[in-house]
Amino acid sequence: METGSAPSGRARGPSPHNQWSEGGPCARPKFCMANTESKSSLIIPGQAPGEATPRCWSCGTMRAVHFCSSCGKVQPPVPVDYFTFFGFPRKLNLDTAELEKEFYALSRRLHPDVFGQADTQERSWSLEQSSMLNDAYRTLKDPIKRTEYLLRLEGIELGEQSKQATEKARATGELKKQVVPPDLLEEVFELNMHLEELRIEKKMGEDDPALLEEIGKAKLSLEEKDDALFNELKTEWNQWDKFVDEGTTDGTQDDRRKILDAMLDVLNRRNYVRNLVRDVNEALE
């Protein structure tokens with residue numbers, strides 16, 4: 001999975017209130033460990049019971065993923081995806097309450113301030129682990145970012161309706177390829193005519209209430225389509241999660257690809273709709 005680069009200074013992202021300030025409850029990590037264990041700190045996700053785990057670099061004990069469950073030393077970061085980092089399967093119906101719980105539990109254990117008196121290497125590992133923790137949390141807690149991330153893990157990128165493509169086109173002046181969803185062709189054509197009329201009226205200092213009402217109705221219709229597409233996306237999540245639960249067997253790869261392609265299609269249509277809403281809002285300003 002993508003990993004964030006190690007920042008200078010404090011780790012990025014939300015952190016519990018002064019949990020690791022000097023003299024705070026976790027300033028001496030060995031006295032906090034018994035009460036802050038987390039699921040992902042104790043197992044390697046996907047590992048079979050009884051399977052050997054890596055040994056701690058410091059004490060040689062069979063260690064946990066992010067830090068040693070025996071001596072408490074932070075461990076070198078392992079290149080894993082964000083789901084695995086938190087000990088979750090690659091499923092899209094994610095329990096955000098459990099994600100938040102895991103985030104704060106790991107934050108208390110991995111924050112650089114906890115290792116302020118450790119050697120340079122341990123402090124560096126702590127920064128890297130904390131950076132990845134925050135990047136993973138920000139990505140997984142957002143349902144759309146979570147879906148896009150899973151698609152990237154599966155080797156699929158969003159189409160030209162993506163925000164990145166829009167920003168690139170604006171910065172370079174290049175014409176962005178637009179694939180209008182077939183069910184929106186007529187509506188988009190009419191909306192673009194109304195928006196052009198509105199721009200002309202603004203230049204002339206005129207105001208047409210009827211035109212503004214029509215554009216307002218179009219915006220409301222697009223927002224309703226946005227909601228419907230999100231619900232459609234959640235249906236595809238259920239299909240994907242079912243696939244993950246059942247595991248990969250002969251003859252299922254085509255089904256796997258169909259689910260991924262369906263999510264990609266929904267996301268591209270949703271991005272197109274949201275870009276239209278943005279265009280309407282800009283025209284109405």
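**Aromatic contacts in the predicted model**

Tyr82, Phe83 and Tyr149 together make up one aromatic cluster. The model in which this cluster appears is a predicted one. Across the structure, 9 aromatic pairs are found. One of them joins Tyr82 to Tyr149 in a stacked arrangement, with 4.5 Å from centre to centre and 15° between the planes. This pair connects distant parts of the chain, as Tyr82 belongs to helix H2 (residues 82-85) and Tyr149 to helix H5 (residues 143-153), with the two positions 67 residues apart in numbering. Tyr82 has a relative accessible area of 2% and is therefore buried. Tyr149, with a relative accessible area of 1%, is likewise classed as buried, because the cut-off for this class is under 20% relative accessible area.

A further stacked pair is formed by Trp240 and Phe243. Their ring centres lie 5.8 Å apart and their planes meet at 25°; the pair counts as stacked because planes under 30 degrees apart fall in that class. Both residues are located in helix H8 (residues 209-246), and because they are 3 residues apart there, about one helical turn separates Trp240 from Phe243. Trp240 and Phe243 are both buried.

A contact between a charged residue and an aromatic ring is also present. Arg146 is positioned over the face of Trp237, at a distance of 5.4 Å from the ring centre.

Notes
Residues numbered from 1 in each chain as written. Predicted model: local features only at pLDDT ≥ 70, side-chain atom pairs only at ≥ 80, totals over all residues. Heavy atoms only, no water. Phe/Tyr/Trp six-rings, centres within 6.5 Å; stacked < 30°, edge-to-face > 60°. Helix = DSSP H or I, 4+ residues; strand = E, 2+ residues; numbered from the N terminus. Buried < 20%, exposed > 50% of the residue type's maximum accessible area, 1.4 Å probe, protein only. Lys NZ or Arg CZ within 6 Å of the ring centre and 35° of its normal.
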